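Here is a walk through one protein model. Keep the sequence beside you and follow the side chains as they come up.

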Amino acid sequence: IEYQLKKELTTSYNNLGIIYLEGGDYKNAIMNYDLSEKIAQEIQDTIMMSYDLHNKALIYLDWGVYDEALDLFLQARNLSRLSGLDNEFASTLSSIALIYHETKDIKKAKYYYYRAIELAEKYKTMAEGDTLVTKVTAKINEVCSTKGCWMRLDLENDEEVMVRFKDYGFFMPLNATGEVIINGKAFVTVI
């Protein structure tokens, strides 16, 4: 029970950080990301630690404090890789590239942009019958209104993915919203 409470605390602090960030209150955003990261470290939640670091890095990037932003993005990259979050890893690589672009290190910017593109393309090139074991974070667009036996997730490029749970082994709350982390096999089926 203590682990679950701390998990909820990390999520709440991170979400508060996002609210403050969106309102332009960077000081309180960083404070909440720090609180979230501290608890995430206690419970060894590398996924949340990655989110906290990435979100703080975005603030430093906005401020033009590129060394601090780069350090935080690199830490987030390592944690994303450890957690198997390919889409977060690609996003962090793209952010690292942006820092190198802003600081006029074009060679490194190109390198990181190409790595981010390569990782993102892995999903686009899947054909019917291909299977990919992956872990992804995405925003919920829709949940089955009858039982919660499927959901549609936003891929952020005007595309969606439908997630079904094998043998009805799991059900989503009917009112589920926000972001989810899914871990499993991705495959293409033409309907």
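A nonpolar core is a set of buried Ala, Val, Leu, Ile, Met, Phe, Trp, Tyr and Cys residues joined through side-chain atoms within 4.5 Å. Bear in mind that this is a predicted model.

Start with the largest such core. It has 27 residues, and Ala69, Phe73, Ile96, Ile99, Tyr100 and Tyr112 touch the most other members. The elements that give two or more residues to this core are α2, α3, α4 (66-83), α5 (86-102) and α6 (106-124). Helix α3 supplies the largest share, nine residues. Ala69 shows how the contacts run. Leaving out residues up to four places away in sequence, Ala69 touches Ala57, Tyr60, Leu61 and Ile99. Another core lies apart from the largest one. This other core has ten residues, among them Ala138, Ile140, Val143 and Leu153. In soluble globular proteins, nonpolar side chains tend to be buried together.

Now turn to the aromatic rings. A pair of aromatic rings is described by the distance of the centres and the angle of the planes. There are four aromatic pairs by the rule used here. Tyr26 and Trp63 meet edge-to-face, at 5.7 Å centre to centre with 85° between the planes. The pair links distant parts of the chain: Tyr26 is in helix α2 and Trp63 in helix α3, 37 residues apart. Tyr26 counts as partly exposed, because its relative accessibility is 22% and buried means under 20%. Trp63 is also partly exposed, with a relative accessible area of 43%. Tyr100 and Tyr112 are stacked instead, at 5.7 Å centre to centre and 20° between the planes. Here Tyr100 sits in helix α5 and Tyr112 in helix α6, twelve residues apart. Tyr100 is buried at 11% relative accessibility, and Tyr112 is buried at 11%. Ring pairs also join Tyr26, Tyr60 and Trp63 into a cluster.

Charged side chains come next. Side chains of opposite charge can pair when their charged atoms come close. How many salt bridges does a search of the whole structure find? The search finds six.

One of them joins the side chains of Lys7 and Asp45, 2.5 Å from N to O. Lys7 lies in helix α1 (residues 2-22), and Asp45 lies in the loop between α2 (26-42) and α3 (46-63). The two are 38 residues apart. Lys7 is partly exposed at 25% relative accessible area, whereas Asp45 is buried at 5%.

Lys56 takes part in two bridges. With Asp34, the N to O distance is 2.6 Å. Asp34 lies in helix α2 and Lys56 in helix α3, so this bridge ties together parts that are 22 residues apart in sequence. With Glu37, the N to O distance is 2.5 Å. Glu37 is in helix α2, 19 residues from Lys56 in helix α3. Lys56 itself is buried, at 8% relative accessibility. Glu37 is buried too, at 11%, but Asp34 is partly exposed, at 36%. Elsewhere, Glu2, Lys6 and Glu42 form one network through salt bridges that share partners.

Finish at a polar residue in helix α1, Asn14. Is Asn14 buried or exposed? Asn14 counts as buried, because its relative accessibility is 5% and the limit is under 20%. Which residues is Asn14 in contact with, leaving aside its neighbours within four places in sequence? They are Tyr33, Ser36, Met48, Tyr51, Asp52 and Asn55.

Terms used: Residues numbered from 1 in each chain as written. Predicted model: local features only at pLDDT ≥ 70, side-chain atom pairs only at ≥ 80, totals over all residues. Heavy atoms only, no water. Salt bridge = Lys/Arg side-chain N within 4 Å of Asp/Glu carboxyl O. Helix = DSSP H or I, 4+ residues; strand = E, 2+ residues; numbered from the N terminus. Buried < 20%, exposed > 50% of the residue type's maximum accessible area, 1.4 Å probe, protein only. Contact = heavy atoms within 4.5 Å. Phe/Tyr/Trp six-rings, centres within 6.5 Å; stacked < 30°, edge-to-face > 60°.
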